[in-house]
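Here are a few exercises on pockets and helix packing. Have a go at each one before you read its solution.

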Amino acid sequence: MHLALYRRFRPKTFDEIIGQDHIVSALTRQVKSGNISHAYLFSGSRGTGKTSSAKIFAKAINCLDPKNGSPCGKCLVCQALESANNVDIIELDAASNNGVDEIREIREKVKYPPINGKYKVYIIDEVHMLTDSAFNALLKTLEEPPSHAVFILATTEVYKIPQTILSRCMRFDFRLVSKEDLMTCLKNIFDTCNIKYDAKSIELIALSGEGSVRDMLSIADAVLAFSGDNVEYQNVIKVLGQNDRESVLKLSSKIFDKDLGGVLETIDEISKSGKNMTAFSKEMTVHFKDLIVIKNCEDAKSILDIPSDIFELYKKQAEKVETDTLIEFMDRFSKIESELKYALSPRVLLELVSLECASFSSKKN
């Protein structure tokens, strides 16, 4: 059975966590000092290492001989915690177990000491999905936890968590992973798997991950399923269902040139290529935002983090249009993103807003 890349290469030590040095440093320091808190909150975007870090930390604080703050993976406790029968590290997905009964069960069992290690660790993923009554039940446990209990709460939507819970947790905010770190990660994985690749493919897959290691590796899996052990740029574009930035540049140029016929012809090409209209609309919104950055920020190239040749094309486009016009276009395309998801004819809606922008451009000039 094929094992997905994100599962096959899931980090087992803190050294393997990508782009979260500030968190790794703090957690390993706690492991080394033995000053363990009873409750932690890991917040951040999906695929940035929250659950992986929670699992590593849970094993590290129980390990008999931790190495640089990470579990050794060899001692009797580490081996016991790797077992499918392990009852000292309990994982709960609050997305599907969000009721008060599940939390009450934890309250009943948390009083029993761990069997193998020093701590019994509860990892509650997507904790923001808990009901109000479940949060109240959890609060009682967090207020007076037994000395052997450690709770690690993970969430992508921290603003949904009650302040009473937040105030009892040591909070760590996971950042989006940089393109450079994602590229390095992907190169190492492809090298390990003896997969051939070119630099442009690696960069495009990393950019498509949008700061998420898991999303990037899921995209890489799809590319490998399509192209085999030789990853080529054109195949990556086909898998992503996009014409890279070429279509975005082409449609925006037609809009700026007030070429209504060209607008319709370009959207026809995009539609025939199989491009998702909702995704394309989002790319257009981002594109107009990028042009605004170029027109108004001195350090635009490093802010946008795009290849030099693409940046030059963007720069030439930005010279054709005023900032207030770009803001108007950005606003119009962003407003139809939600409508496109439910539209009977997404293509017609995209054509309409594109023609309106081209007409707006014509009137302004």
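**Exercise 1.** Work out which helices each supply at least two residues of the lining of the second largest pocket.

*Solution.* Step one: helix H3 (50-60), H8 and helix H10 (213-227) each pass that mark (helices are DSSP runs of H or I, at least four residues, numbered from the N terminus). Step two: H3 gives the most, with four residues. Step three: about 620 Å³ of space lies in this pocket, and 26 residues line it, with Phe9, Arg10, Pro11, Ser52 and Val213 closest to its centre. A pocket here is an open set of points on a 1 Å grid over the protein atoms alone where a 1.4 Å probe fits, with protein on both sides within 12 Å along at least five of seven lines; lining residues have an atom within 4 Å of a point.

Before going on: this is a predicted model, where local features need pLDDT of at least 70 and side-chain atom pairs pLDDT 80 or more, while totals for chains, interfaces and linings use all residues. Residues are numbered from 1 along each chain as its sequence is written, and side-chain values use heavy atoms, leaving out hydrogens and water.

**Exercise 2.** Find the helix that gives the most to the lining of the largest pocket.

*Solution.* Start with the candidates: H8, H9, helix H14 (277-296) and helix H15 (300-304) each supply at least two residues. H14 comes out on top with seven. The pocket has a volume of about 1000 Å³ and 31 lining residues, with Leu207, Ser208, Glu210, Arg245 and Val286 nearest its centre.

**Exercise 3.** Decide how H8 and H9 are oriented to each other.

*Solution.* First, the geometry: H8 (residues 179-192) and H9 (residues 199-208) pack at about 120°, their axes 9 Å apart. Next, the verdict: the two helices are therefore oblique (neither under 35 degrees, over 145, nor 65 to 115). Last, the contact (heavy atoms within 4.5 Å): H8 brings Lys179, Leu182, Met183, Leu186, Lys187 and Phe190, and H9 brings Ile202, Glu203, Ile205, Ala206 and Leu207.

**Exercise 4.** Do the same for H14 and H17: how are they oriented to each other?

*Solution.* Their axes come within 8 Å and cross at roughly 160°, with H17 covering residues 323-342. H14 and H17 are therefore roughly antiparallel. Many side chains join in, among them Met284, Phe288 and Leu291 in H14, which sit in a contact that includes Phe329, Met330 and Phe333 in H17.

Technical notes: Axes are lines fitted to C-alpha atoms, for helices over the stretch in contact, and angles run from 0 to 180 degrees between N-to-C directions. Grid points are joined across faces, edges and corners, and a volume is the space filled by probe spheres set on the points.
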